[in-house]
Amino acid sequence: MPDDLRSHIKHLAAASKDGMSWFEDLYASANGDASKIPWADRRPNRNLITWLERERPSPRRADGTPIKTLVIGCGLGEDAELLARWQFDVTAFDLSPTAIDWCIKRYPTSRVKYQQADLFAPPRDWLNAFDFVFEAYTVQPLPMSMRKQALEAVTRFVAPGGRLLFITRAREPEDETDGPPWPLTMDDLRAISDAGLSMQSFEDYMDEEEPPVRRFRAVYAKV
């Protein structure tokens with residue numbers, strides 16, 4: 001990330017009294033320039049691509065109906081569009097109304113249902129409603145004081161029998177971190193299990209970025 005963009009984000013985040021309003025400030029200040037959004041690679045998350053190509057998840061339930069899928073913090077929509085191309089029935093939301101408007105303009109014929117929503121106050125009919133939930137990089141830029149609450153909020157969307165795919169930057173508890181983003185630790189992830197989801201798989205790995213970044217990629221299930 002360029003130093004001037006990093007400084008801009010730090011300034012916005014520090015000025016945000018609720019720890020979240022700075023996302024809208026960032027999208028609005030970008031004025032339609034995706035290069036001003038550091039997590040907008042203008043391509044799907046390669047860690048999601050790797051998982052999909054390896055696991056080949058079915059986009060349909062046993063009865064043939066589509067897998068209801070939720071993308072949390074969808075940003076500019078690349079991951080939501082990828083899952084739609086895999087034939088999942090995708091709903092995607094972001095806190096920022098500018099980001100959602102941007103998605104709709106980028107993908108005017110998309111099958112994805114884009115909606116502005118708050119992770120902590122979502123539509124009631126989304127709770128326990130999705131067969132597959134995808135979260136990547138939404139929790140890590142939130143203040144660490146909000147981390148446990150955010151992880152618990154993520155789990156509430158997963159339907160009984162459904163799965164959560166969670167991808168994040170990773171660190172050891174003693175590692176120094178100067179965010180946002182603030183990478184997660186294994187201790188942080190316990191909030192997901194404590195909220196009632198069972199870890200089905202876990203990967204701790206260095207990705208293919210230059211330089212490589214440590215990641216956690218985990219799949220959870222709700223009984």
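**Salt bridges, cores and strands**

Author: Let's start with a pair of side chains: Asp187 and Arg190 form a salt bridge, and their closest N and O atoms are 2.0 Å apart.

Reader: What makes that a salt bridge?

Author: The term asks for a side-chain nitrogen of Lys or Arg within 4 Å of a carboxyl oxygen of Asp or Glu. Here the pair is an Asp and an Arg at 2.0 Å, so the 4 Å limit is met. One caution: this is a predicted model, where local features need pLDDT of at least 70 and side-chain atom pairs count only at pLDDT 80 or more, while totals for chains, interfaces and linings use all residues. Residues are numbered from 1 along each chain as its sequence is written, and side-chain values use heavy atoms, leaving out hydrogens and water.

Reader: Where do Asp187 and Arg190 lie?

Author: Both are in helix α7, three residues apart, or about one turn. An α-helix has 3.6 residues a turn, so residues three or four places apart point the same way. Helices here are DSSP runs of H or I with at least four residues, strands are runs of E with at least two, and both are numbered from the N terminus.

Reader: Are Asp187 and Arg190 buried or exposed?

Author: In between! Buried means under 20% relative accessible area and exposed means over 50%, with partly exposed in the middle (1.4 Å probe, protein chains only). Asp187 has 46% and Arg190 has 48%, so both count as partly exposed.

Reader: What does the salt bridge between Glu172 and Arg214 tie together?

Author: That pair meets at 2.9 Å, N to O. Glu172 sits in the loop between β5 and α7 and Arg214 in strand β7, so the bridge ties together parts 42 residues apart in sequence. Glu172, at 33%, is partly exposed.

Reader: How many salt bridges does the whole structure have?

Author: The search finds 15. Some are linked: Arg54, Glu55, Glu203 and Arg217 make up a network. Within it, Arg54 and Glu55 come to 2.8 Å between their closest N and O atoms.

Reader: What makes a set of residues a nonpolar core?

Author: The members must be buried Ala, Val, Leu, Ile, Met, Phe, Trp, Tyr or Cys residues, joined through side-chain atoms within 4.5 Å. The largest such core has 45 residues, and Phe157, Leu164 and Phe166 touch the most other members. Helix α2 (residues 22-30) gives the most to this core, with five residues. A second, separate core has 24 residues, including Leu52, Leu83, Cys103 and Leu165.

Reader: Which residues is Phe166 in contact with, leaving aside its neighbours within four places in sequence?

Author: Contact means heavy atoms within 4.5 Å. Among the partners of Phe166 are Glu135, Leu151, Leu189, Phe216 and Tyr220.

Reader: How do you know that β2 and β3 pair?

Author: Pairing needs at least two bridges found by DSSP. Strands β2 (residues 89-94) and β3 (residues 113-116) have four, in the parallel sense, so they qualify. One of the partnerships is Ala92 with Tyr114 in β3. The chain crosses from β2 through helix α5 (residues 97-106) to β3, and this β-α-β crossover is right-handed: with the strands pointing away from the viewer, the path from the first strand over the helix to the second runs clockwise.

Reader: How many helices and strands are there in the protein chain?

Author: Seven of each. As for burial, buried residues make up 50% of the 223 in the chain.
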